Amino acid sequence: MTGENAGTRQPVLAVRQVTKRFGAVEALIGVDLDVHAGEVVALVGDNGAGKSTLAKIVSGVLQPDSGQVRIAGEPVTIGSPAAAHALGVSTVFQDLALCENLSVAANIFLGRELRVSASGPMDLARMELESTKILRDLTVGVPSVLAPVRDLSAGQRQAVAIARTLTTRPRILVLDEPTAALSVVQTAEVLMLVERLRAMGLGVILISHNLADLRSVADRIEVLRHGRNAGSFDAATAAPEEIIAAIAGATRVAMPSWARR
Ligand SMILES: Nc1ncnc2c1ncn2[C@@H]1O[C@H](COP(=O)(O)OP(=O)(O)OP(=O)(O)O)[C@@H](O)[C@H]1O
């Protein structure tokens, strides 16, 4: 990764002092986050720490009450998911938003169908070709781009949802719990996919509860606790005890041996 020079380069995404309230609930309080091109930043924290709220702000689903978001150094207002796409920010939420009955290719181009001409019919052949190319670049194996999504495994569905975001050529990709409910093998496949996204130069924000997954794939681990930044760790060198202590708000916690791996 870019870790060794990430400190000196301009982040592709910079969140500065972002605050968000829901009535009396302070979901985010003065939160900062930097993501560089070709970097995987894991966002961790206990339930209610503010991870989803931050993801939704970056994705244009929610607006911050105060603070600033900068993309490639430029202050931006991400007023809607469409605005986020236009600014190069794509998000895969947990529900994946795929249509079970439609093919892999149709899902990848859903809402952005390629057409033979401006007002002409859909260009199915080109969508199939492009889908095959995107999946091949991601080194994702699916039985066929013509297969309905309902026939795919959970890991393959996640891959299709990620492939779909790449049609808008994002610079920043937010993945919300991509390995939740996946088998060990499927999880490994999705983590390899995240590595491919990094190699393609995307800045990736990865939200997960699985510390082992995060430590294997992330470059940096950012901890949120009660809506505030609670620690920033180099994933390669940080001890799990340190990260868990930051999540829990303790100075240090004893770890069972199985959790150290
Ligand atoms: N739409 C909303 N209305 C009111 N309160 C909300 C709303 N969305 C989030 N919150 C509150 O904001 C706080 C942060 O929630 P958020 O979902 O961002 O946390 P999280 O870290 O993603 O948690 P989890 O891991 O459980 O998804 C919580 O106290 C939550 O109850």
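Which residue in S8 does Val41 stand opposite? I looked it up in the model, which is a predicted one. Val41 stands opposite Ile205.

**Entry: the two strands.** I followed that pair outwards. Strand S3 covers residues 39-44, and strand S8 covers residues 203-207. I find that they run parallel, with 5 bridges joining them.

**Entry: the sheet.** I then traced the sheet that holds S3 and S8. It is open and has 6 strands. I read their order as S6-S7-S8-S3-S9-S10, and the pairing is mixed. The edges are strand S6 (89-92) and strand S10 (228-234). Each of these edge strands pairs on one side only. I also checked the turn between neighbouring strands of this sheet: 20° on average, direction ignored.

**Entry: helices on the sheet.** Next I looked at what lies against the strands. Helix H7 (residues 184-199) lies across S3, S8 and strand S7 (172-176). I note that H7 runs at about 155° to S8. Helix H9 (residues 240-248) also packs on the sheet. H9 touches S3, S10 and strand S9 (220-225). Its direction makes about 25° with that of S9.

**Entry: helix H2.** Is H2 buried or exposed? I went through residues 51-58, and 8 of the 8 are buried, so helix H2 is largely enclosed by the rest of the structure. The buried residues include two lysines, Lys51 and Lys56. Ser52, Thr53, Leu54, Ala55, Ile57 and Val58 are buried as well.

**Entry: after H2.** I stepped just past the end of the helix. There Gly60 takes a positive phi of about 80°.

Note on methods: Residues are numbered from 1 along each chain as its sequence is written. This is a predicted model: local features need pLDDT of at least 70, side-chain atom pairs count only at pLDDT 80 or more; totals for chains, interfaces and linings use all residues. Two strands pair if DSSP finds at least two bridges between them. Helices (H or I, at least four residues) and strands (E, at least two) are DSSP runs, numbered from the N terminus. Axes are lines fitted to C-alpha atoms, for helices over the stretch in contact, and angles run from 0 to 180 degrees between N-to-C directions. Two residues are in contact if their C-beta atoms, placed from the backbone, lie within 7 Å. A residue is buried if 20 or more other C-beta atoms lie within 10 Å of its own, exposed if 12 or fewer, and partly exposed in between; C-beta atoms are placed from the backbone.
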